Amino acid sequence: HHDLVFAVYDDLSEKNMGAAEFQTFYQMHQNCFEELRRQDLEIYLKRYPRFAGLNKADMALEVEHVLATMRLKRGENLREFENTHIMRQKGEMIGFYNCTADDEVTVNGMMIHNVCIRENMRGKGLGKILMADAITQCSKPGRDLVLLVERTDAKVIRLYEGLGFAIKDPPPMPFTDHFNYVNKYIMFYGD
């Protein structure tokens, strides 16, 4: 994997990333997270009385409606992503992550999020390389390094544990009732 190159983008605005490359990023992001969003939305919506009694088919329709709305905003939201680290091999985007300050689920922490490896590149050790870079680039003295992981994703949890992350359950600060925290564990590095 000596042919891997990392680039850091302050944001993904058009001045930093052209339309074709952004389309690749967008598509990879969709491929990595769309199914997880679908699963988490069903859990999230069931919290509300209006959705709690829906049968499976009607719930699926509601979830698809919300996903469609989210997709419309996603391109705009992704353009605003800060501190995006992109991993390339032979010039092709094959993975990425973001690293941002966090005060929502930690006190003065640094959060690694949106960790993604292109589907056809998975299972080749690239996730470990991407995460090793994330740990190096996102670590700040005196600040906790954290990430969120799907509670049901045992394979990814094992990967993160093998890299030195540990689940804190319950989390040190309660998760807000925000969709981003549904069905997630918080993992701390080096504890």
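What follows is a set of questions and answers on a predicted model.

Reader: What do the numbers and the confidence limits rest on?
Author: Residues are numbered from 1 along each chain as its sequence is written, and side-chain values use heavy atoms, with hydrogens and water left out. The model is predicted, so local features need pLDDT of at least 70 and side-chain atom pairs count only at pLDDT 80 or more, while totals for chains, interfaces and linings use all residues.

Reader: Why is the pair C32 and C116 called a disulfide?
Author: A disulfide is a pair of cysteine sulfur atoms within 2.5 Å. The sulfur atoms of C32 and C116 are 1.9 Å apart, so the pair meets the definition. The link is right-handed, with 70° about the S-S bond. C32 is in helix α1 (residues 19-45) and C116 in strand β4 (residues 109-117), 84 residues apart, so distant parts of the chain are linked. Helices (H or I, at least four residues) and strands (E, at least two) are DSSP runs, numbered from the N terminus.

Reader: What makes C99 and C138 a disulfide?
Author: Their S to S distance is 2.4 Å, which the disulfide definition accepts. C99 sits in strand β3 (residues 92-102) and C138 in helix α4 (residues 126-138), 39 residues apart. The structure holds two disulfides, and with the bonded cysteines numbered in sequence order the pairing is 1-3, 2-4.

Reader: Why is R88 called buried?
Author: Buried means under 20% relative accessible area, exposed over 50%, and partly exposed in between (1.4 Å probe, protein chains only). R88 has 14% relative accessibility, so R88 counts as buried. R88 lies in strand β2, and its C-alpha atom is separated by 6.3 Å from that of F6, 82 residues apart along the chain.

Reader: How do you know whether E82 is buried or exposed?
Author: E82 has 52% relative accessibility and therefore counts as exposed. Its place is in the loop between α3 (56-79) and β2 (84-89).

Reader: Why are R47 and D177 called a salt bridge?
Author: A salt bridge is a side-chain nitrogen of Lys or Arg within 4 Å of a carboxyl oxygen of Asp or Glu. The closest N and O atoms of R47 and D177 are 2.2 Å apart, so the pair qualifies. R47 lies in the loop between α1 and α2 (49-52) and D177 in the loop between β6 and β7, so the pair ties together parts that are 130 residues apart in sequence. R47 is partly exposed at 44% relative accessible area, and D177 is partly exposed at 46%.

Reader: What makes E92 and R118 a salt bridge?
Author: Their closest N and O atoms are 2.9 Å apart, which satisfies the salt-bridge definition. E92 lies in strand β3 and R118 in the loop between β4 and α4, so the pair ties together parts that are 26 residues apart in sequence. Elsewhere, salt bridges that share partners join E34, E35, R37, R38, E64 and R71 into one network. The structure holds 13 salt bridges.

Reader: Why is the phi of N83 singled out?
Author: Most residues other than glycine have a negative phi, and most peptide bonds are trans. Phi of N83 is near 50°, a positive value in a residue other than glycine. N83 is partly exposed, because its relative accessible area is 26%.

Reader: Which peptide bond is cis?
Author: The bond from D169 to P170 is cis, with omega near 5°. P170 is placed in the loop between β6 (165-168) and β7 (184-189).
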